[in-house]
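Got your viewer open? Load the model below and keep the selection box handy, and we'll go from stop to stop.

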Amino acid sequence: MIRAYAWNGPFEKAIDLYYEMVESGVRPTKYTYPFVIKACSALQDVENGVEIHEHVKRKGLDGDVYICTGLVDFYAKCGLLVEARQVFDGMCQRDIVAWNAMISGCSVNGLYLEMMGLVLEMQENGLTPNSSTIVAILPGIAEANKLREGKVVHGYSMRRGFVNDVVVDTGILDVYAKCGLLNYGKRIFRVMSIKNEITRSAMIGAYVTCDSTQEGLELFEQMRMEEDIGSPSPVMLATVVRACAKLNDLEKGRKIHGYTVKLRSNLDLMVSNTLLSMYAKCGRIDDALNFFEEMNLKDSVSFSAIIAGCVQNGHAEEALRIFQKMQLSRVDPESATVMGILPACSHLAALQLGVCTHGYSIVRGFTEDISICNALIDMYSKCGKIDIARIVFDKMNKRDVVSWNTMISGYGVHGRGKEAIQLFYNMQTVGQMPDEITFIGLLFACSHSGLVAEGKYWFFRMCEEFKISPRMDHYLCMVDLLGRGGLLDEAYRFIQNMPCKPDVRIWSALLAACRIHKHIILAEEVSNKIQYLGPESLSNFVLLSNLYTTAGRWDDAAHVRVKQKDSGFKKSPGCSWIEINGVVHAFVGGDRSHPQSAKINEKLKELSTEMKKLGYSAELSFVYQDVEEEEKEQILLYHSEKLAVAFALLNLDPSKSILVAKNLRVCVDCHSTLKYITLITKREITVRDASRFHHFRDGICSCGDFW
DNA sequence: TTAGGGTTAG
């Protein structure tokens with residue numbers, strides 16, 4: 001009976017019967033164990049499997065080849081490779097089934113090298129791979145994207161006559177698809193005489209993986225019409241939902257959602273996790289959140305998906321709230337959860353949580369993963385700790401292009417252009433090819449550190465030597481570089497010579513440069529161009545009005561502001577936030593609703609008095625409202641970054657430096673005020689604004705007033 | 001044999 005259940009399910013019954021047998025005093029024989037272990041393996045039931053292993057040891061049956069083979073398979077299927085290997089190594093005699101179980105374990109757990117090593121070893125031991133061996137290694141080859149090895153195995157299978165078997169052919173189809181050879185996959189699919197549901201799922205998945213997503217959906221519809229598939233499996237539905245997400249096709253996604261409800265497949269955890277992710281990827285975070293709340297069963301994938309979804313849709317605080325819930329519900333964070341949390345920390349400049357997540361990642365062994373380290377580098381960099389980011393970078397055993405790009409961009413936003421360039425040289429020394437994102441980081445770094453000649457040089461080499469054709473982002477960096485450097489005419493000529501039509505951002509960069517260098521005539525011309533281009537952005541009104549004010553042309557400034565009002569542009573409120581003891585506190589300019597508001601105001605007034613003694617006078621041109629001078633000073637005093645800094649001075653341990661993040665660019669008055677505050681309080685203050693970092697210390701800022 | 005959650009810039 002146990003044997004019957006172990007073969008055909010329900011597997012739980014096999015295990016229940018085994019325990020019933022033991023409790024009723026009937027002694028299981030060595031013929032019982034392989035079956036009950038097979039049931040544990042099918043269910044991935046670690047607890048019972050381990051206990052039954054203990055029974056086996058007590059009975060002294062741990063030398064039996066069939067039982068041990070079963071145990072190797074059980075541990076491998078449960079992802080416990082170390083235990084699987086222990087049993088495997090302990091076997092004095094191994095048949096091909098044992099080798100295949102061990103190989104399969106490595107294959108599905110992503111241990112490609114170990115897997116290939118075992119295949120060689122088994123041949124050295126006089127065993128020839130059979131079709132089960134081939135079936136076992138194909139997923140590993142597919143996962144590792146080893147096209148050459150895939151072709152070798154394909155050829156071997158043909159010579160040995162393993163092909164024309166639905167399981168082998170489906171595996172080979174999948175290898176070609178994962179390696180990007182969609183046409184090979186299509187050909188195999190076409191000539192297969194017998195196809196099962198898994199083959200069809202694999203083919204749809206192949207289209208999705210190879211960016212022929214629409215064709216994948218068409219194939220699914222065609223199969224549905226031709227009734228090749230009666231009721232699609234959860235795996236197929238998940239693949240189709242993923243296709244909708246990839247195409248951003250919400251309407252289609254909703255239809256499939258309805259279909260899964262009809263089939264009751266929406267109760268399947270994998271399907272519901274994919275649906276959840278589909279809503280988030282289509283930008284419907286509210287739908288995703290509602291769906292998440294309504295899920296009866298949630299696992300770590302559900303949490304990871306909603307956390308990542310929140311961050312992608314700009315709701316980092318919500319992501320952290322859900323992360324807390326996850327910990328309360330005792331679902332262990334996986335590496336993909338950490339992958340969602342780290343960008344949330346980056347966005348919120350939540351260093352303490354970032355550091356905790358780093359610690360957790362080390363304990364769980366996630367820091368072996370390149371992507372996790374890349375996310376850590378970004379987190380430290382965006383939380384103001386560029387030197388710690390560098391330590392993480394240096395400690396990595398292997399780096400990919402993202403690691404280098406993240407580090408180079410990090411140096412860029414911190415205004416450490418020379419280090420960005422040095423790192424770019426190192427990158428070439430180790431043979432890592434830069435991509436277009438590398439150059440965005442490098443050019444940004446040059447422009448924000450005033451390295452005009454270097455920027456021009458690298459832009460030239462990017463085009464000529466690296467054969468990367470510049471994108472709008474690269475042109476933007478160059479206009480910014482030339483403009484900030486005071487080469488306004490050259491920047492203008494550069495724009496005119498661009499092979500593509502410059503967008504609003506390009507002209508805005510030039511306008512911003514006009515403001516820095518007080519070039520009114522060019523500013524007016526550029527401003528006209530922007531208006532002609534439309535839609536105008538708010539920053540253009542602000543820049544122009546600001547420029548007129550600085551030049552004392554009050555009427556013109558007022559005229560621009562009226563026009564801004566008439567066009568319906570409203571300045572989005574400045575918002576700053578700061579993390580204290582792991583809690584993020586947010587402040588909006590002029591906001592007096594904070595519980596500590598009175599104390600904060602008092603602190604600011606006190607600082608203002610001290611500052612005036614040191615020679616500070618308010619930069620009133622940054623207030624746009626039509627109000628009296630004294631009132632203008634008051635408005636400036638309550639800019640969000642000042643509120644956040646005052647709050648930090650009141651609540652943060654004096655030994656700690658202050659890190660404030662802001663959604664907009666820091667204004668000239670705040671910039672100057674913060675310098676004075678570091679003089680008065682002897683505290684270090686770092687501000688991350690919408691464009692870069694400002695490290696204030698002893699009355700000076702790391703940006704050299706150049707931003 | 002198919003499969004759900006993920007890093008850089010903008």
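What follows is a short walk through a core, a helix, a DNA strand and a loop.

Before you click, note that this is a predicted model, where local features need pLDDT of at least 70 and side-chain atom pairs count only at pLDDT 80 or more, while totals for chains, interfaces and linings use all residues. Residues are numbered from 1 along each chain as its sequence is written, chains are lettered from A and ligands numbered from 1 in the order in which they are written, and side-chain values use heavy atoms, with hydrogens and water left out.

**Stop 1: the core.** Select Tyr33, Ile37, Met278 and Leu510. In the largest nonpolar core, which has 185 residues, these four touch the most other members. (A nonpolar core is a set of buried Ala, Val, Leu, Ile, Met, Phe, Trp, Tyr and Cys residues joined through side-chain atoms within 4.5 Å; buried means under 20% relative accessible area, exposed over 50%, partly exposed in between, with a 1.4 Å probe and protein chains only.) Now zoom in on Ile37: neighbours within four places in sequence aside, its contacts (heavy atoms within 4.5 Å) are Ile52, Val56, Ile67, Gly70, Leu71 and Phe74. A second, separate core has 28 residues, including Phe587 and Leu604.

**Stop 2: helix H26.** Select 417-429. (Helices are DSSP runs of H or I, at least four residues, numbered from the N terminus.) Color Gly417, Ala420, Ile421, Leu423, Phe424 and Met427, the buried residues of H26. Why do they sit on the same side of H26? Because they cover an arc of only 160 degrees around the axis, taking the directions from the helix axis to the C-beta atoms. Lys418 and Thr429, on the other side of H26, are exposed. The buried residues pack against helices H24, H25, H27 and H28. After H26 comes Gly431, with a positive phi near 85 degrees.

**Stop 3: DNA strand B.** Show everything around the strand: 46 residues surround it, with at least one heavy atom within 4 Å. Arg242, Met270, Asn273, Asn374 and Arg505 are the closest. Sugar and phosphate make up 50% of the strand's atoms that come within 4 Å of the protein. Next, pick Gln312, where a side-chain N or O atom is 3.1 Å from a phosphate oxygen of DNA strand B. At Asp369, a polar side-chain atom lies 3.0 Å from a base nitrogen of the strand.

**Stop 4: Cys92.** Which loop holds Cys92? Look between helix H6 (81-90) and helix H7 (96-108). Cys92 counts as exposed because its relative accessibility is 77%. To finish, draw a line from its C-alpha to that of Val65: they are 8.3 Å apart, with the residues 27 apart along the chain.

Key:
Helices (H or I, at least four residues) and strands (E, at least two) are DSSP runs, numbered from the N terminus. A polar contact is a pair of N or O atoms within 3.5 Å; within protein, one must be able to donate a hydrogen and the other to accept it, and residues adjacent in sequence count only if both atoms are side-chain atoms.
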